[in-house]
Amino acid sequence: MMFEIQTTRRRFLVGLVALCVLPRWQSAARAQSQTKPPTPECPDDDDVTPRQTAGPFYSPDSPQRTSLLDPGTKGTPILVTGTVLTTDCKPVANALLDFWQADDDGEYDNVGFKLRGHQFTDEQGRYRLETIVPGMYPGRTRHIHVRVQPANQRVMTTQLYFPGEPANDRDGIFDPALLMDVKDKGDAKEGTFTFVLKAV
Ligand SMILES: [Fe+2]
């Protein structure tokens, strides 16, 4: 009888522990698809930034500018900063970064150059982009397009994503390796992303 009571109590305790631990494990597993490990200071071949489609809305000859904000641009401001590195840990100076994105309503300017612009990395391989959080459009989660081109090398086209977006997991193009680190900064946001290119 005593043995039965102890066994029942043990089962109850095991069940209780499972109830407490399992949800945490499940939410951690869910969160995994929304986060990525931070890029180490010195990346290696495994950290190469994945290429992605340019999609149908790229326009050549964008203006050179680090701020895509024009008078009247509406939306949540975001400052995106980071570095372009090679897999042998060298900053890529003077790399061309050409950004384009949808506006707050999820629409691209395919006539002019609203929310489009290119810039070059500095001597430490750094870039700085002032823009807004792009709106979503049907079939896609929130994203910023970018072409990265070191001097005299081929273009690497990809897209940057926002963590915590429910639509990330429904988007067939989304890749967690392309998630920015995004933090709230008052009414605005700050994002960071390190582009890693294969050393040539
Ligand atoms: Fe797009």
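A pocket here is an open set of grid points with protein on both sides within 12 Å along at least five of seven lines, and its lining residues have an atom within 4 Å of a point. In this predicted model, the second largest pocket is lined by 15 residues. The model also holds an iron ion coordinated by two tyrosines, Tyr108 and Tyr137, and two histidines, His143 and His145.

**Iron site**
- The donor atoms are OH of Tyr108 and Tyr137 and NE2 of His143 and His145, at 1.9 to 2.1 Å from the iron ion.
- Along the chain, these donors are spaced as Y-x28-Y-x5-H-x1-H.
- Angles among the four donor atoms run from 92 to 156 degrees, and the site is classed as irregular.
- The tetrahedral class fails because it requires all angles to lie between 85 and 135 degrees.
- Both His143 and His145 are buried.

**Pockets**
- The largest pocket has a volume of about 310 Å³.
- Its lining comprises 17 residues, with Gln153, Leu197, Lys198, Ala199 and Val200 nearest the centre.
- By type, the lining of the largest pocket has nine nonpolar, three polar and five charged residues.
- For the second largest pocket, the volume is about 210 Å³.
- Thr73, Lys74, Asp103, Lys114 and Leu115 lie nearest the centre of the second largest pocket.
- The lining of the second largest pocket divides into eight charged, four nonpolar and three polar residues.

**Confidence**
- Mean pLDDT for the chain is 87, with 80% of residues at 70 or more.
- Residues 1–5 have pLDDT below 50, and this stretch makes zero contacts beyond near neighbours in sequence.
- Residues 12–32 also stay under 50, with one contact beyond four places in sequence.

Definitions and conventions. Residues numbered from 1 in each chain as written. Predicted model: local features only at pLDDT ≥ 70, side-chain atom pairs only at ≥ 80, totals over all residues. Heavy atoms only, no water. pLDDT = per-residue confidence, 0-100. Contact = heavy atoms within 4.5 Å. 1 Å grid on protein atoms, 1.4 Å probe; cavity = no way out; pocket = protein on both sides within 12 Å on 5 of 7 lines; lining within 4 Å. Points joined across faces, edges and corners; volume = space filled by probe spheres on them. Nonpolar A, V, L, I, M, F, W, Y, C, P; charged D, E, K, R; others polar. Donors = N, O, S within 2.8 Å, 3.2 Å for Na, K, Ca; no water. Tetrahedral: all angles 85-135°; square planar, octahedral: opposite > 155°, others 65-115°. Buried < 20%, exposed > 50% of the residue type's maximum accessible area, 1.4 Å probe, protein only.
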